[in-house]
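Got the viewer open? Let's take a short walk through this model, one selection at a time.

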Amino acid sequence: MSGFVFSEKPIQIVEGDGPYLYDDGGTEYLDMGASYACVPLGHGHDAVQSAAADQLSRLTYVQASYPVAVRTDLYERLAETAPGDIDYTWLCNSGTEANEAALKFARAATGNSKLVATMQGFHGRTMGSLATTWKNKYKKPYEPLIGDVEFVPYDDPDAMAEAVDEETAGVIVEPIQGEGGINPASKEFLQTARVETATNGAALIFDEVQTGMGRTGTLWASEWADVIPDMVTAAKGLGNGLPVGATLCREWIAENYGDHASTFSGGPVVSAAAEATVSTIVDEDVPAHAADVGEYLRGRLREELGEAAREVRGEGLMIGIEIKRGANRILKELALNHGILALPAGRTVVRLLPPLTIEKAHADHVVDALAEVLG
Ligand SMILES: *Cc1c(COP(=O)(O)O)cnc(C)c1O
């Protein structure tokens with residue numbers, strides 16, 4: 001045996017095109033998980049591929065302290081499109097690193113150490129991000145993690161108000177919990193977190209690693225929540241499949257972030273891919289399309305699944321279907337009998353995070369298949 005960590009699936013994927021993946025036998029699969037929201041524009045997107053390929057042949061790498069045009073363009077594009085006056089960007093390679101930086105920045109900028117996170121939340125698997133992640137399964141073997149983290153029940157404004165005080169460095173929260181089961185927060189919860197952090201001089205961090213990049217029907221989930229946080233983190237969809245993460249922040253954070261750096265921060269190839277991804281999503285108004293198809297898909301799921309689904313939750317094309325049985329067997333049947341790849345979110349939730357470019361016909365195909373498998 002060589003290699004470990006991932007349990008492998010019995011399908012060998014060799015090619016991708018738009019919303020489809022193909023295995024080594026030529027079988028086509030509709031990719032309703034986008035490999036965890038990582039390809040918002042679909043597989044093999046021309047603009048992203050050629051931006052990355054051009055950059056790869058011109059200059060693959062130069063240390064981050066030398067300006068590179070594609071990285072500067074990406075900074076500008078993110079500053080233009082980030083919520084409110086969030087104008088500064090720290091680039092890295094993954095979601096957990098983006099959150100790790102945000103937690104460090106919150107401590108450095110405030111001089112405090114206490115962090116507030118939410119039950120069922122997921123923020124990544126490096127030591128700092130892991131400490132703000134809820135599930136013991138992920139944490140236990142690695143303890144002790146960083147200290148001074150308090151967890152509050154998700155979507156409980158009173159508990160949030162109670163937890164945030166003058167000792168608080170930051171609050172980290174997903175606007176919709178992904179791993180936790182596709183749980184959307186109410187505006188009231190997110191707005192309470194905003195008011196309490198502002199009152200106490202703490203930083204509000206929105207972990208948009210999964211909800212960002214148009215996933216929930218707006219470029220950032222903070223837009224429908226009507227909240228401007230102090231930091232927003234992004235990764236999964238940011239490079240349409242290339243490994244890149246970002247911590248976006250306001251000036252008061254950027255002025256006092258301490259001393260943080262990473263060798264591969266803002267590498268030219270991933271910066272080019274991210275610039276092309278963000279530009280395409282914004283210029284082609286992909287979030288509006290995701291909102292439209294998502295509403296249609298959620299509506300049809302509710303209609304057609306009836307009693308077989310306890311609940312259909314989510315925003316845009318971040319959808320959770322709570323079922324009465326274990327999700328894993330359903331996912332296997334969807335893959336092997338219907339050519340549809342979806343994801344779990346906990347034991348009883350089927351999670352859909354398709355490319356944002358899918359059409360209503362794809363949504364219909366998924367509804368029919370799920371109705372049959374659950375029927
Ligand atoms: C996936 C995810 C992370 C971790 O991202 P990695 O790139 O796997 O490190 C953090 N937060 C949220 C909300 C995620 O969905």
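**Stop one: the cavity**

Start inside: the structure holds 1 cavity of 30 Å³ or more. Keep in mind that this is a predicted model. The largest cavity has about 40 Å³ of space in it.

To see its walls, select Ala 37, Pro 40, Val 209, Gln 210, Gly 212, Met 213, Arg 215, Lys 236, Gly 237 and Leu 356, which line the largest cavity. Colour them by type and you get 5 nonpolar, 3 polar and 2 charged residues.

Now colour by domain, with domain 1 as 13–44 + 285–374 and domain 2 as 46–283. Where does the largest cavity lie relative to the two domains? It lies between them, because both domains give residues to its lining.

**Stop two: strand β17**

Next, select residues 349–352, which make up strand β17. Show the side chains: Val 349 and Arg 351 point one way, while Val 350 and Leu 352 point the other way. Are these four buried or exposed? All are buried, Arg 351 included. The general pattern is that side chains in a regular strand alternate between the two faces of the sheet.

**Stop three: the strands paired with β17**

Add residues 318–323, strand β14, which runs antiparallel to β17 and is joined to it by 4 bridges. Pick out Ile 319, whose bridge partner in β17 is Leu 352.

Then add residues 343–344, strand β16, also antiparallel to β17 and joined to it by 2 bridges. Here Pro 344 has Val 350 as its bridge partner.

Finish at the turn: the hairpin of β16 and β17 has 4 residues between the strands. Click on Gly 346 there, which takes a positive phi near 85 degrees.

Key:
Residues are numbered from 1 along each chain as its sequence is written. This is a predicted model: local features need pLDDT of at least 70, side-chain atom pairs count only at pLDDT 80 or more; totals for chains, interfaces and linings use all residues. Side-chain values use heavy atoms; hydrogens and water are left out. On a 1 Å grid over the protein atoms alone, a cavity is a set of points where a 1.4 Å probe fits but cannot get out, and a pocket is an open set with protein on both sides within 12 Å along at least five of seven lines; lining residues have an atom within 4 Å of a point. Grid points are joined across faces, edges and corners, and a volume is the space filled by probe spheres set on the points. Ala, Val, Leu, Ile, Met, Phe, Trp, Tyr, Cys and Pro count as nonpolar, Asp, Glu, Lys and Arg as charged, and the others, Gly among them, as polar. Domain bounds come from an automatic or database domain assignment. Buried means under 20% relative accessible area, exposed over 50%, partly exposed in between (1.4 Å probe, protein chains only). Two strands pair if DSSP finds at least two bridges between them.
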